[in-house]
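User: Please walk me through the pocket, the cores and the backbone outliers of this model. Keep it brisk.

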Amino acid sequence: MQDRDSIGQSPPARLTIAPRENNITIATGSQGVGKSRRTEEEAKIYCRHDHKIGRAGKPVLYLDTNNEYSQYRTIRYDVTAKNDNGIYIEQFRRPEIRRIEPFKPNRDPMDFDEKKKAFFDICRRYKNGLAIFEDINTY
């Protein structure tokens, strides 16, 4: 029996998750040079499927410390919770951009230590996606 390649037929195209290596990228520069805009463009590309190369899109999660990405839906996150905080971070798997707001459930702003806690919760619990930490010098 002949396989598909030997009779001139290509196997059906499949969308697979291409391996991506872990890396850290830091965007630095003066205010207004386009760091956030370029990062957002990269985030949109990252979560988009690319059928030409067979790459599935992956989720993108912002720690939106300045609340400047309000066009994206949020992930439920309670920085004041003692147990099971971050379960929604772990469950976020859709290829889209989401964010964690810099607020507590009562809408008071997170303080320095709470932003730092959110940062470490993301580092521990978020897998298989792009994490973007805006203005890391504020925590």
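**Pocket, cores and backbone**

Analyst: The largest pocket is lined by 33 residues, and those nearest its centre are Asn23, Thr25, Leu130, Ala131 and Ile132. A pocket here is an open set of points on a 1 Å grid over the protein atoms alone, where a 1.4 Å probe fits, with protein on both sides within 12 Å along at least five of seven lines; lining residues have an atom within 4 Å of a point. This is a predicted model, where local features need pLDDT of at least 70 and side-chain atom pairs pLDDT 80 or more, while totals for chains, interfaces and linings use all residues. Numbering runs from 1 along each chain as its sequence is written, and side-chain values use heavy atoms, without hydrogens and water.

User: Which element gives the most to the lining of the largest pocket?

Analyst: Elements are DSSP runs numbered from the N terminus: helices are H or I with at least four residues, strands E with at least two. α1 (35-46), α3 and β4 (130-133) each supply at least two lining residues. The top contributor, with seven residues, is α1.

User: How many residues of the lining of the largest pocket are charged?

Analyst: Asp, Glu, Lys and Arg count as charged; Ala, Val, Leu, Ile, Met, Phe, Trp, Tyr, Cys and Pro as nonpolar; the others, Gly among them, as polar. The lining has 13 nonpolar and nine polar residues, and its charged residues number 11.

User: Which element gives the most to the largest nonpolar core?

Analyst: A nonpolar core joins buried Ala, Val, Leu, Ile, Met, Phe, Trp, Tyr and Cys residues through side-chain atoms within 4.5 Å; buried means under 20% relative accessible area, exposed over 50%, partly exposed in between (1.4 Å probe, protein chains only). This core has 14 residues, and Leu61, Leu63, Tyr77, Ile89, Ile100 and Ile122 touch the most other members. β1 (60-63) and α3 (112-125) each supply at least two. With three residues, the leading element is α3.

User: Which residues is Ile122 in contact with, leaving aside neighbours within four places in sequence?

Analyst: Contact means heavy atoms within 4.5 Å. On that criterion, the partners of Ile122 are Leu61, Leu63, Ile89, Ile100, Ala131 and Phe133.

User: Where is Asn67, and what is its relative accessible area?

Analyst: Asn67 is not a glycine, yet its phi is positive, about 55 degrees. Asn67 sits in the loop between β1 and β2 (73-74). Asn67 is partly exposed, with a relative accessible area of 28%.

User: What is the relative accessible area of Arg107?

Analyst: Arg107, also not a glycine, has a positive phi of about 75 degrees. Arg107 lies in the loop between β3 (97-100) and α3. Arg107 is partly exposed, at 46%.
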